[in-house]
Amino acid sequence: MKKLLGLVALLIAALAVYLAVTPSPIDPLAWEAPKAPTMIGVMEPNDTLMKAELIAQGQVHGPEDTAVDAQGRVYAGLHDGRVVRIGADGQVQTFAETGGRPLGMDFDAAGNLILADAYKGLLKIDPQGRISVLATEADGVPFRFTDDLDIARDGRIYFTDASSRFEQPDYLLDLLEARPHGRLLRYDPASGKTEVLLKDLYFANGVALSAKEDFVLVNETYRYRITRYWLSGEKAGTHEVFIDNLPGLPDNLQGDRQGSFWVALPSPRKADADLLHTLPWVKAQLAKLPRLFWPKPVPYGLAIQLNENGEIIRSLHDTSGTHLRMVTSVKPVGDSLYFGSLDNDRIGKLTLH
C-alpha cells in the first residue's frame, strides 16, 4: 500500500511540474452562460429519431453533412477526405477525394456540388467529380476552418470560416478559449470575389437563407445562439440575435425555403461545461492535458425546427444515443430529413408525417 501511495504521489508531483512548465495552447476568457432551458413543452424528450432509416450503416465514417441530387442519390463527406455517393441500392461509391475534411455541402443550380472543406476552403465539384477551388481567403486572412454553406437563387454562396485560429481537429480548443474567431462570408461566382459579412463570431458554423432570402442565419456554436444578418430591407447590413440560449450546441443549419429551419444539436447542454467557462485558469490547464481527461459529450441525438420568428416549433430526439447520436446536420429534402454526424458510421433518413 505504501508503495502504491508513493507512486500516486510521484505521479501527482510529475503532473504538477508538467502543468507548471508547459505553455497552454489557448488564451481563455471567462464567460458566464445563461441557465440552460428545461426540456419541456415542444422540447419534451421523445424517440422520434429512433424511427429513422439507417443508410450505409458501417460503410461510412463521420458523414458530417449530406446532399441529395436530382436522381435521389445521397452524398456525404467523410473523415478520410472522400465525398461518397450512395445509390438507391445502398452501394457506396467514391465520388471525389478532396485531400481535406469535407463538411457542409449543397448542389447549385447547375448540378455542381458546392463544398466547404475544413482544410481546402470553398470547393466546387462538377458532376464528373472534378474539383476546383473557389476561395481560400477573405480580406487577406486565410480560411482555417471552412465549415458550412447555403446557396442563394442568384448563385451567390454564403458560408462560414468557423475559426481563424484553430483548425478542425482542435475545435474544442476554440470552445475552451471562448474568443470570437469566426466569420460569415459571401462568395460571388460572377466576380470570383469573397466578402466578409460578419466577423468576431463565436465559432461560426451553420448557415441558412430565409424563404425570401431577405436574411441569412449563422450559428454561433459556442454561445448557444443563432445570429441573423439582414440582406435587404430597412435593416440591410445589420445583425441581431435570432434565438439565444439554445438547449445544445448548434452545428449545421438548413432552411427548407418554406419558412422554417432545421438545427442540428450534436450535444445537449452540460452543467459542468458551463461551469468550466467561468474558470479560465482551469480551462488553460485542461487544454494541456490529453483529450482523455476532457469533459465528454452526452450520447444523445437532437435536432430542432425553428420558424422565421426564432421560435422552436418541433424537436426530434434519440434519448438512448444509440441510433443517431451526435447529429451535426439535418437536410430537408421533400418530405424527408437526412441526418449527418461527425461521429456516426451511418446516415439517418426520417420521413415526416
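This tour proceeds through a predicted model, one selection at a time.

**Before starting**

Residues are numbered from 1 along each chain as its sequence is written. Because the model is predicted, local features need pLDDT of at least 70 and side-chain atom pairs count only at pLDDT 80 or more, whereas totals for chains, interfaces and linings use all residues; side-chain values use heavy atoms, without hydrogens and water.

**Stop 1: the annotated region**

Select residues 147-234. An unreviewed UniProt entry places the feature "domain: Strictosidine synthase conserved region" there; UniProt positions follow the numbering used here, feature names are shortened, and annotations may be inferred rather than shown by experiment. Over this stretch the chain is 8% helix and 50% strand, where helices (H or I, at least four residues) and strands (E, at least two) are DSSP runs numbered from the N terminus. The C-alpha atoms at the two ends of the region are 29 Å apart.

**Stop 2: valine 207**

Select valine 207, in strand β16 (residues 204-209). Is valine 207 buried or exposed? Its relative accessible area is 0%, so valine 207 is buried; buried means under 20%, exposed over 50% and partly exposed in between (1.4 Å probe, protein chains only). Leaving aside neighbours within four places in sequence, valine 207 has contacts (heavy atoms within 4.5 Å) that include Asp148, Tyr158, Phe159, Leu184 and Leu253. Now add arginine 257: the two residues are 50 residues apart in sequence, and their C-alpha atoms are 13 Å apart in space.

**Stop 3: a network of charges**

Keep arginine 257 selected and add Asp150, Arg153 and Glu213. These four residues are linked in a network of salt bridges, a salt bridge being a side-chain nitrogen of Lys or Arg within 4 Å of a carboxyl oxygen of Asp or Glu. Side chains of opposite charge can pair when their charged atoms come close. Glutamate 213 lies in the loop between β16 and β17 and counts as buried because its relative accessibility is 15%. The phi angle of glutamate 213 is near 60°, a positive value in a residue other than glycine.

**Stop 4: alanine 178 and arginine 223**

Next select alanine 178, in the loop between α2 and β14 (182-188). Alanine 178 also has a phi near 60°, positive although the residue is not glycine, and its 5% relative accessible area makes it buried. Add arginine 223, found in the loop between β17 (215-220) and β18 (225-230). Which residues does arginine 223 contact, leaving aside its neighbours within four places in sequence? They are Trp31, Ala178, Tyr202 and Asp244. Arginine 223 counts as buried because its relative accessibility is 9%.

**Stop 5: two nonpolar cores**

A nonpolar core is a set of buried Ala, Val, Leu, Ile, Met, Phe, Trp, Tyr and Cys residues joined through side-chain atoms within 4.5 Å. Select Ile26, Phe145, Leu173 and Leu176: of the 19 residues in the largest such core, these touch the most other members. Helix α2 (residues 171-177) gives the most to this core, with three residues. Another core, of 17 residues, lies apart from it, and has among its members Met43, Ile226, Phe242 and Phe261.

**Stop 6: asparagine 344 and a salt bridge**

Select asparagine 344, in the loop between β25 (336-341) and β26 (347-351). Asparagine 344 is buried, because its relative accessibility is 2%. Not counting residues up to four places away in sequence, asparagine 344 touches Val60, His61, Gly62, Pro63, Leu324 and Arg325.

Then select aspartate 343 and arginine 325, whose side chains meet in a salt bridge (2.5 Å, N to O). Aspartate 343 lies in the loop between β25 and β26 and arginine 325 in the loop between β23 (312-318) and β24 (327-333), so the pair ties together parts that are 18 residues apart in sequence. Aspartate 343 is partly exposed at 34% relative accessibility, as is arginine 325 at 26%. How many salt bridges does a search of the whole structure find? The search finds 21.

**Stop 7: a nonpolar surface patch**

Finally, select Leu275, Leu279, Trp281 and Val282, which make a nonpolar surface patch of about 420 Å². Patches are made of residues with over 30% relative accessible area and no salt bridge, with like charges joined within 9 Å and nonpolar side chains (Val, Leu, Ile, Met, Phe, Trp, Tyr) within 5 Å; accessible areas come from the Shrake-Rupley method with a 1.4 Å probe, and for residues only the protein chains shown count as cover. Tryptophan 281 is placed in helix α4 (residues 280-286) and is exposed, with a relative accessible area of 63%.
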